[in-house]
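Student: I have a model open at the bench and would like to look closely at a single part of it. Could you walk me through one helix and the aromatic rings around it?

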Amino acid sequence: MWDGSPDRAALDLRITTAGAVQAGEDVGLNFRPLYKRGLGRREDHLKMQTAPPQIVAFGGGGFSMESGNPLLDDYVLSLCRRERPRVCFLPSASGDADHYVVRFYRAFGAERCEASHISLFRREQGPGDLRDHLLAQDLIYVGGGSVVSMLGVWRAHGIDAILREAWEAGVVLCGLSAGSLCWFEEAVSGFHGPPRRVEGLGLLPFSNCVHYEPASERRLAYHRMLGEGMRPGYAAEDGAALHFIDRELRRVVASRPGASGYRLDAAGERVIETPLATAYLARAT
């Protein structure tokens, strides 16, 4: 985190809220100028695909941040095509912290899914064949922590390539914080000191910022980076999640009243921030 309070004026950015999506308009969010078509999915994976590629990127929330509030976790489970889905947790960003794994199993009990996890920092990492195990899942859930460390260990073990294959095959991918940033081309990470610009896996050809709270250091840093040439993208506050089907944003949902997602772009140094209609999941049930 930055030392001291950030000075909005020092960023020399003019932030414009334009064309806000009205409440209740939570479908059909197809902002085509942000999307790049024909980004080269391999044909062999297209043939075996049984469901469209889906990613649900939490700004923050889920079992590790919202004890007693399962709305976001229930939402991603509802996207699976199995009554008792297979869910694999990747706690790599936390260094495979034991307490994190325990909390995952408490939240994803046997009565609702078939849960497993993969630990890359342990001698006994779990399944013998990581590729076969991950491709057999209905949902892969990525935890929070250091996105830089996580991507490094994923690449060392080939997990990055396997996750792309799983996504193309229709396995639902989701996660919070680092587990959200990782899916995008670029992202704002604030884990190791001041917010910094990092490269993700590039499954989604946008930038991303999580924990996008009013006047937060990450929010101001994201605006500055956009003004400096970072690609346009999306942000989500804690409790909000961005649901992408293929490479298009289809819905924004929230586990808390008032939590929102945003679309961000820049024209020179002028940042355009557009609030997106967000469906509060407690009202939808």
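Tutor: Happy to; here is a walk around helix H3 and the rings that go with it.

Please keep in mind that this is a predicted model. The protein chain has a mean pLDDT of 85, with 81% of its residues at 70 or more. Residues 1-48 are a stretch to treat separately, as pLDDT stays under 50 there.

Now to the helix. H3 covers residues 98-107, and its buried residues are Tyr-100, Val-101 and Phe-104. Looking down the axis of H3, you will find these buried residues within an arc of 100°, so they line one face of the helix. On the other side of H3, Asp-98, His-99 and Arg-106 are exposed. What lies over the buried residues? The cover includes strand E3 (86-90), strand E4 (114-117) and strand E6 (172-176).

Let us take two of those buried residues in turn, beginning with Tyr-100. Its relative accessible area is 6%, which is under the 20% cut-off, so Tyr-100 counts as buried. The whole structure holds 19 aromatic pairs. In one of them, the ring centres of Phe-63 and Tyr-100 are 5.8 Å apart and the planes meet at 45°, so this pair is tilted. Phe-63 belongs to the loop between strand E2 (54-58) and helix H2 (71-78), while Tyr-100 belongs to H3, so the pair ties together parts 37 residues apart in sequence. Phe-63 is buried too, at 9% relative accessibility.

The next residue is Phe-104, and its partner is Phe-89. Here the ring centres are 4.7 Å apart and the planes are at 20°, so the pair is stacked. Phe-89 sits in strand E3 and Phe-104 in helix H3, so the pair links distant parts of the chain, 15 residues apart. Phe-89 is buried, with a relative accessible area of 0%, and Phe-104 is likewise buried at 0%.

These four rings are part of one aromatic cluster, formed by Phe-58, Phe-63, Phe-89, Tyr-100, Phe-104, Tyr-105, Phe-108 and Tyr-141. A charged side chain meets the cluster member Phe-108: Arg-112 lies over the face of that ring, at 5.4 Å from its centre.

Finally, a word on the wider packing. The largest nonpolar core has 45 residues, and those touching the most other members are Leu-90, Ile-140, Trp-154, Ile-159, Leu-163 and Trp-183. Phe-104 belongs elsewhere: a second, separate core of 25 residues includes Phe-104 along with Leu-79, Val-87 and Ala-241.

Definitions and conventions. Residues numbered from 1 in each chain as written. Predicted model: local features only at pLDDT ≥ 70, side-chain atom pairs only at ≥ 80, totals over all residues. Heavy atoms only, no water. pLDDT = per-residue confidence, 0-100. Contact = heavy atoms within 4.5 Å. Core = buried A, V, L, I, M, F, W, Y, C linked by side-chain atoms within 4.5 Å. Buried < 20%, exposed > 50% of the residue type's maximum accessible area, 1.4 Å probe, protein only. Helix = DSSP H or I, 4+ residues; strand = E, 2+ residues; numbered from the N terminus. Arc of directions from axis to C-beta. Phe/Tyr/Trp six-rings, centres within 6.5 Å; stacked < 30°, edge-to-face > 60°. Lys NZ or Arg CZ within 6 Å of the ring centre and 35° of its normal.
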